[in-house]
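Work through the exercises below with the model open beside you. Try each task before reading its solution.

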Amino acid sequence: MSVVIAGTGMHPWGKWGRPFAEYGVAAARAALRDAGLEWTDVQFAVGADTIRNGYPGFIAGATFAQALGWTGARIASCYAACASGAQALDIARTRILAGLCDVALVVGADSTPKGFFRPVGGDRPDDPDWLRFRLLGATNPAYFALYARRRMALYGDTSQDFAAVKVKNALAGSLNENARYRRTVTAEEVLASPMVADPLRLMDICATSDGGAAVVLVSEEYARRRGLSTAVRIAAVSTVTPTFPNTVLELPCFATDSTAAAPPPERAFRASIAHAAYEEAGLGPADLSFAEVYDLSTALELDWVEDIGLAPPGEAAKLLRAGDTALGGRVPVNPSGGLASFGEAIPAQAIAQVCELTRQLRGTAGTRQVVNARAGLAANQGLFGHGSAIIAIT
Amino acid sequence: MQPSKRLCHIGSMDTPAIDGWFTVDDDTVHLIGTRCAECRTVCFPPRTGFCPNPRCPGEELVPARLSRRGTVWSYTDARYPPPAPFVAAEPYTPVTLAAVELAEEGIVVLGQVKDLTVDDLHVGMELELTAGPLADGPLVWMWGRPRGPGQTGAGAPASTGGTGGTGGTGGTGGTGGTT
Ligand SMILES: [Zn+2]
């Protein structure tokens, strides 16, 4: 038995300044239309929470369900930072696999402030996310920059390589009507943009955006009964945590785990996220037609390319330079345009990745279409160790 | 930085920005972590309760001074003033950050860097722990240029581990999630 992605919907990403629930409802209604189902058909709804939109954001499932109109459907709300959408999807999938429902709706949406993400307000000296700002001024881009500098030192990656990731993703994003940034850019523009956290420049770092995304999942049996397409199915959802000792300095931590007592695990955290998904799907990196990865920075996309096994450690830039990861290349990475073109709408982003997997696997991605797309992986990581990777197949 | 609060040396009378994470004795700064009495796993910041090693039942976490020198795992800076609760100096000068690998403890610890910019740093170079004031006064640990040759290790007799062996860029504490 497998779970079918019956429909997907998005509210375009931007800086619209509207309540997050509007984006979520728009995406949900689009996903239901796409599936050919009614809201009243939905037996289980999951909202991916947002923490910057007051109480309605903490109980996003109920907020969306109320806005769509109470139907008595069962609901859940969940938060896992950037992995919230994947967690929500996993809850819905698991409920279908358990036979507890046939039709589930997964919705995430966010409305974001300008500038750096700040910690949630108030004095909270017990919260590392508050303390890293207070004691160090360590913003999210600071951590991305540490990883980027490490790549340059270990592998010889250059600022030009990072700029090339942005150029590639901006080109793909220019072809995506849901992307916030639709303009192509040149490497010169990226390299001329202001330095934010050395070695990362403004155009290396993803923005924060408003947006909403939704998917409708159904059981295979229900799809047959209702005459829905079963073309795109979920082959795996990985939600693994790191394995002790985690030797990568993770946002928002002050230090890594210690290797004094236990050796580092066979796979570092990000690599273990993808590995678990491959195991569950019975597939490997060579089976992927394309991938959506969490390019919070240009350099981080190169980390992910290696972590999901498309290249050995240190060789992602080689793939990039050869055009392998571009649209039309051997295995396009971020054919949606990625976070570089969207900006991050946290609870919606992992769901948006699944929307792109579905469009590509259906063959309806238009000018962004990956030729003969059979399997796609979406990978992401939520703060404090929430892994998330989803493999969809056709 | 507010000149009036700028310290030419580290004084033990200055208020730490956080209790129990570092100490200053006679201008010598130590990070305070904890070491599990059972498996020797080291934690920073100091931890209470029980050992984070999932295969260790230890519940006795002993405060421990960490090595004062390590090698740069990576570094960056903040060209724009970080948001609150950080208090940015006026006029703002970029905060430099370094993640420093302590060989004996097998951990990487993040900190502000004192009196050095990203142009002075490279992955693999040695830094030594010091401290300096936040813009609004309280003291925080910082990484700085080593003060002359000599001792590494965690306070008096605890360690002779040395950090020289992990110079270069290979390090021992993981490779940036790229394996
Ligand atoms: Zn222990």
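**Exercise 1. Find the acidic partner in chain B that forms a salt bridge with Arg134(A), and give the separation.**

Step 1. Fix the criterion. A salt bridge is a side-chain nitrogen of Lys or Arg within 4 Å of a carboxyl oxygen of Asp or Glu.
Step 2. Name the partner. Arg134(A) pairs with Asp136(B), and the closest N and O atoms are 2.9 Å apart.
Step 3. Put the pair in context. Chain A and chain B share two salt bridges.
Step 4. Note the basis. The model is predicted: local features need pLDDT of at least 70, side-chain atom pairs count only at pLDDT 80 or more, totals for chains, interfaces and linings use all residues, and side-chain values use heavy atoms, with hydrogens and water left out. Residues are numbered from 1 along each chain as its sequence is written, while chains are lettered from A and ligands numbered from 1 in the order in which they are written.

**Exercise 2. Describe the interface of chain A and chain B by residues, area and polar contacts.**

Step 1. Count residues in contact (heavy atoms within 4.5 Å). Chain A contributes 50 residues and chain B contributes 55 residues.
Step 2. Take the buried area, the accessible area (1.4 Å probe) that two parts lose on being put together, summed over both. It comes to about 4,300 Å², with 63% on carbon and sulfur atoms.
Step 3. Find the main contributors in chain A. Arg134(A), Leu135(A) and Arg150(A) lose the most area to chain B, together 18% of what that side buries. Arg134(A) is also the salt-bridge residue of Exercise 1.
Step 4. Count polar contacts. The rule asks for a pair of N or O atoms within 3.5 Å; within protein, one must be able to donate a hydrogen and the other to accept it, and residues adjacent in sequence count only if both atoms are side-chain atoms. Between chain A and chain B there are 14 residue pairs in polar contact (both at pLDDT 80 or more).

**Exercise 3. Which helix of chain A gives the most to the side that touches chain B?**

Step 1. Define the elements. Helices (H or I, at least four residues) and strands (E, at least two) are DSSP runs, numbered from the N terminus.
Step 2. List the contributors. Helix 5 (128–136), helix 6 (140–155), strand 5 (195–197), helix 10 (269–281) and helix 11 (298–307) of chain A each supply at least two residues.
Step 3. Pick the top one. Helix 6 of chain A gives the most, with eleven residues.
Step 4. Sort that side of chain A by class. It has 33 nonpolar, six polar and eleven charged residues. Ala, Val, Leu, Ile, Met, Phe, Trp, Tyr, Cys and Pro count as nonpolar, Asp, Glu, Lys and Arg as charged, and the others, Gly among them, as polar.

**Exercise 4. Describe how domain 1 and domain 2 of chain A meet.**

Step 1. Set the bounds, which come from an automatic or database domain assignment. Domain 1 of chain A is 3–115 + 210–233, and domain 2 is 128–206 + 235–393.
Step 2. Place them. Their C-alpha centres lie 23 Å apart.
Step 3. Size the interface. 43 residues of domain 1 touch 37 residues of domain 2. The buried area is about 3,000 Å², and carbon and sulfur atoms give 66% of it. On the domain 1 side, Met10(A), Trp13(A) and Cys82(A) supply 25% of the area, more than any other three residues.
Step 4. Add the polar part. The two domains share two salt bridges and eight residue pairs in polar contact (both at pLDDT 80 or more). Glu280(A) and Arg93(A) meet in a salt bridge at 2.9 Å, N to O.
Step 5. Trace the elements. Strand 1 (3–14), helix 4 (84–97), strand 4 (103–110) and strand 7 (210–219) of chain A each supply at least two residues of the domain 1 side. Strand 1 gives the most, with ten residues.

**Exercise 5. Locate the cis peptide bonds that precede Pro199(A) and Pro245(A).**

Step 1. The bond from Asp198(A) to Pro199(A) is cis, with omega near 10 degrees. Pro199(A) sits in the loop between strand 5 and strand 6 (200–201) of chain A.
Step 2. The bond joining Phe244(A) and Pro245(A) is cis, with omega about -5 degrees. Pro245(A) lies in the loop between strand 8 (233–238) and helix 10 of chain A.
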